[in-house]
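Biologist: Please take me closely through the lining of the largest pocket, and then show me what surrounds that part. I am new to this, so explain each term as you go.

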Amino acid sequence: MRSEEIYSTYDKIVQSGYLPYIRCRKCMNTFFYVRNLCPKCGSRDLEVLRSGGIGKVFSWTKIFRKNDTSIYGIVELEEGFKIYCNFASDVEIGDKVRVKIKSSEDGKYKVLADKL
């Protein structure tokens, strides 16, 4: 897949309300962040897929601000890749969660996980 195709397919999946990820056809490595080559083997034979959005909490931390507390961490998805996200409520390592992604007007993504 060419870079333009990767970005275009990735954005279409996000716009449809699903979590995209990339899989290398050569080594089967999966990853979330958009790249035009596999970070494991260097192959350009990639495919952009739609995740089921189900995973487990890999790690988390609470961030305390003056008037706000947020929970941030990493989820390992069933497809094998990890993603940074905000948690909607308190979680523990190993908790099963559903991850959702939304794009904002500035072109950035917001990733939120809810406990199942």
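Modeller: Let's begin with a word we will need often: a residue is buried under 20% relative accessible area, exposed over 50%, and partly exposed in between, using a 1.4 Å probe and protein chains only. This is a predicted model, in which local features need pLDDT of at least 70 and side-chain atom pairs pLDDT 80 or more, while totals for chains, interfaces and linings use all residues. Residues are numbered from 1 along each chain as its sequence is written, and side-chain values use heavy atoms, without hydrogens or water.

Now to your pocket. The largest one has a volume of about 160 Å³ (an open set of points on a 1 Å grid over the protein atoms alone, where a 1.4 Å probe fits, with protein on both sides within 12 Å along at least five of seven lines; lining residues have an atom within 4 Å of a point; the volume is the space filled by probe spheres on points joined across faces, edges and corners). Its walls are formed by Tyr-10, Phe-32, Tyr-33, Val-34, Tyr-72, Ile-83, Tyr-84, Cys-85, Asn-86, Tyr-109 and Val-111. Two elements each give two or more residues to this lining, β6 (82-87) and β8 (109-115) (strands are DSSP E runs of at least two residues, helices H or I runs of at least four, numbered from the N terminus). Strand β6 contributes the most, with four residues. By chemistry, the lining splits into ten nonpolar residues, one polar and no charged (Ala, Val, Leu, Ile, Met, Phe, Trp, Tyr, Cys and Pro are nonpolar, Asp, Glu, Lys and Arg charged, the others polar, Gly among them).

Let's follow two of these lining residues. Cys-85 sits in strand β6 and counts as buried because its relative accessibility is 1%. Gly-73 is twelve residues away from Cys-85 in sequence, yet their C-alpha atoms are 5.7 Å apart. Beyond four places in sequence, Cys-85 is in contact (heavy atoms within 4.5 Å) with Ile-71, Tyr-72, Gly-73, Val-75, Val-111, Leu-112 and Ala-113. With the same kind of neighbours left aside, Ile-83 is in contact with Leu-19, Phe-32, Gly-73, Ile-74, Val-75, Leu-77 and Val-111.

Ile-83 also leads us to the largest nonpolar core, where it is among the residues with the most contacts, together with Leu-19, Val-75, Phe-87 and Val-99. This core has 28 residues (buried Ala, Val, Leu, Ile, Met, Phe, Trp, Tyr and Cys, joined through side-chain atoms within 4.5 Å). The elements giving two or more residues to this core are α1 (3-15), β1 (19-24), β3 (46-51), β5 (68-77), β6, β7 (96-103) and β8. In soluble globular proteins, nonpolar side chains tend to be buried together.

What about the cysteines elsewhere? The structure holds zero disulfides (pairs of cysteine sulfur atoms within 2.5 Å). Cys-24 has the sulfur of Cys-41 as its nearest cysteine sulfur, 3.6 Å away, and is in no disulfide. Cys-24 is buried, as its relative accessibility is 0%. Cys-38 is in no disulfide either, and the nearest cysteine sulfur, that of Cys-27, is 3.6 Å away. With a relative accessible area of 2%, Cys-38 is buried.

One last stop is Met-28, in the loop between β1 and β2 (30-31). Its phi is near 70°, a positive value in a residue other than glycine. Met-28 is partly exposed because its relative accessible area is 48%.
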